[in-house]
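Please walk through this model in a viewer, one selection after another. Each stop says what to select and what is there.

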Amino acid sequence: TALVTARDIIALWVARMIMSSTYFLKEIPFKDVVIYATILAKDGTRMSKSKGNGVDPMDLISMYGADAMRFNLLTLVTNNQDVRFDADIDKKTHELLGSPRTESARAFVTKIWNASRFVLGNLDGFTPGEPRAVSQADAWIFSRLAKLSAEVTKDIETYQFGEMARELHAFFWNEFCDWYIEFSKARLGADADPADRVVCQRNLVFVLGQILRLLHPIMPFVTEQVYGEMPKDADAAPMLIVAAWPDAGELAAYV
């Protein structure tokens, strides 16, 4: 029910599609038209092969990975404004030398991987079970996760993909990694209470699993890889792509 397109073919093509479908089929072909931003060169001009200022997405993927490229492009989007893509290109060979913003996006992919490795590396004695808020840190992360789920779901339904990407980045890096994982380290240590250690493990696995679901539409590869290595219940989805989408109301019940 949605058509995603550039603004320069609204009159030339999109309007004709609507009129043709209405005339021949007596129905409107789509309800929403999402107009995406035009990706411009670093100097604000349109990318052109003749000018040598174009960037091949395959070069970005080879240099930084598909997840980083996708995430970087999404974080640049602000409503319908055109986007200047920051990339250094060799003026003689027209080869891509690098992209600072995509480099930052790759660092986020690495952060996801490293944080996931920490969680998975501290599951000695882990037994599956329901998450429980037994500390203020637990209640806080569950409440923040519920709020994030509601915001991301709304962003997708209203096509605010740039806002979605920025919210996910802020939550994972600042709240999950910088705060909750740090709070959890003392509860996972050798001197920690064994019962509390199990609760902490379950909470970490649960929160990480929900974040991976929210990240999956824009970073499918690293999230699917991590999900494949996570412990799962017998009735859990075999792959992340078919896992249930987080429900904000259900998450709020864990607080």
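## A loop residue to start from

Select Tyr159, which counts as partly exposed because its relative accessibility is 29%. The model is predicted, so only well-scored regions were used for local features. Tyr159 sits in the loop between H5 and H6. Its phi is positive, about 65°, although Tyr159 is not a glycine.

Another residue with this trait is Lys26, a non-glycine whose phi is near 60° and positive. Find Lys26 in the loop between helix H1 (10–25) and strand S2 (32–35). With a relative accessible area of 66%, Lys26 is exposed.

## The whole chain

Zoom out. The protein chain contains nine helices and six strands. Along the principal axes, its C-alpha atoms fill a box of roughly 65 × 55 × 30 Å. The chain has 255 residues, and 40% of them count as buried. Of the contacts with a separation of 6 or more, 71% are between residues 24 or more positions apart.

## Helix H5 and the loop before it

Select residues 136–157, which make up helix H5. This helix has 22 residues and spans 32 Å from its first C-alpha to its last, close to the 32 Å expected at 1.5 Å a residue. Tyr159, the starting point of the tour, follows H5.

Which residues of H5 are buried? Colour Ala137, Asp138, Ile141, Phe142, Leu145, Ala146, Leu148, Ser149, Val152 and Asp155 to see them. Now show what covers these residues: helix H6 (161–188), helix H7 (194–215) and helix H9 (248–252) are included.

Step back to Ser135, in the loop between H4 and H5. Ser135 has a relative accessible area of 27% and is therefore partly exposed. Add Cys200 to the selection and draw a C-alpha to C-alpha distance: Ser135 and Cys200 are 9.7 Å apart in space and 65 residues apart in sequence.

## Helix H3 and its neighbours

Next, select H3, residues 66–76. H3 is mostly covered, with eight of its eleven residues buried. The buried residues are Asp67, Ala68, Met69, Phe71, Asn72, Leu74, Thr75 and Leu76. What do the buried residues of H3 pack against? Display helix H2 (57–64), strand S4 (83–84), H4, H6 and H8 to see their partners.

Keep H3 and H8 (residues 220–229) on screen and hide the rest. The two helices pack at an angle of about 125°, and their axes are 7 Å apart. H3 and H8 are therefore oblique to each other. To see the contact, show Ala66, Asp67 and Arg70 of H3 with Pro220, Phe221 and Val222 of H8. By class, the contact of H3 with H8 comprises four nonpolar residues, two charged residues and no polar ones.

## The aromatic rings

Now bring back the full chain and show the aromatic side chains. There are ten aromatic pairs in the structure. Begin with Phe108 and Phe172: their ring centres lie 6.0 Å apart and their planes are at 80°, so this pair is edge-to-face. The pair links distant parts of the chain, since Phe108 is in helix H4 (residues 100–120) and Phe172 is in helix H6, 64 residues apart.

Are these two rings' residues buried or exposed? Phe108 and Phe172 are both buried. For Phe172, the relative accessibility is 0%, which is why it counts as buried.

Follow Phe172 to its other partner here, Phe176. The Phe172 and Phe176 pair is tilted, at 5.5 Å centre to centre with 50° between the planes. Both residues lie in helix H6, four residues apart, which is about one turn of the helix. An α-helix has 3.6 residues a turn, so residues three or four places apart point the same way. Phe176 is buried too, at a relative accessible area of 0%.

For the last selection, take Phe71, Phe108, Phe172, Trp173 and Phe176, which form one aromatic cluster. Phe71 is also among the buried residues of H3, while Phe108 belongs to helix H4 and Phe172 to helix H6.

How values were computed. Residues are numbered from 1 along each chain as its sequence is written. This is a predicted model: local features need pLDDT of at least 70, side-chain atom pairs count only at pLDDT 80 or more; totals for chains, interfaces and linings use all residues. Side-chain values use heavy atoms; hydrogens and water are left out. The expected span of a helix is 1.5 Å times one less than its number of residues. Buried means under 20% relative accessible area, exposed over 50%, partly exposed in between (1.4 Å probe, protein chains only). Contact means heavy atoms within 4.5 Å. Axes are lines fitted to C-alpha atoms, for helices over the stretch in contact, and angles run from 0 to 180 degrees between N-to-C directions. Angles under 35 degrees count as roughly parallel, over 145 as roughly antiparallel, 65 to 115 as roughly perpendicular and the rest as oblique. Ala, Val, Leu, Ile, Met, Phe, Trp, Tyr, Cys and Pro count as nonpolar, Asp, Glu, Lys and Arg as charged, and the others, Gly among them, as polar. Rings of Phe, Tyr and Trp (its six-membered ring) pair if their centres lie within 6.5 Å; planes under 30 degrees apart count as stacked, over 60 as edge-to-face and the rest as tilted.
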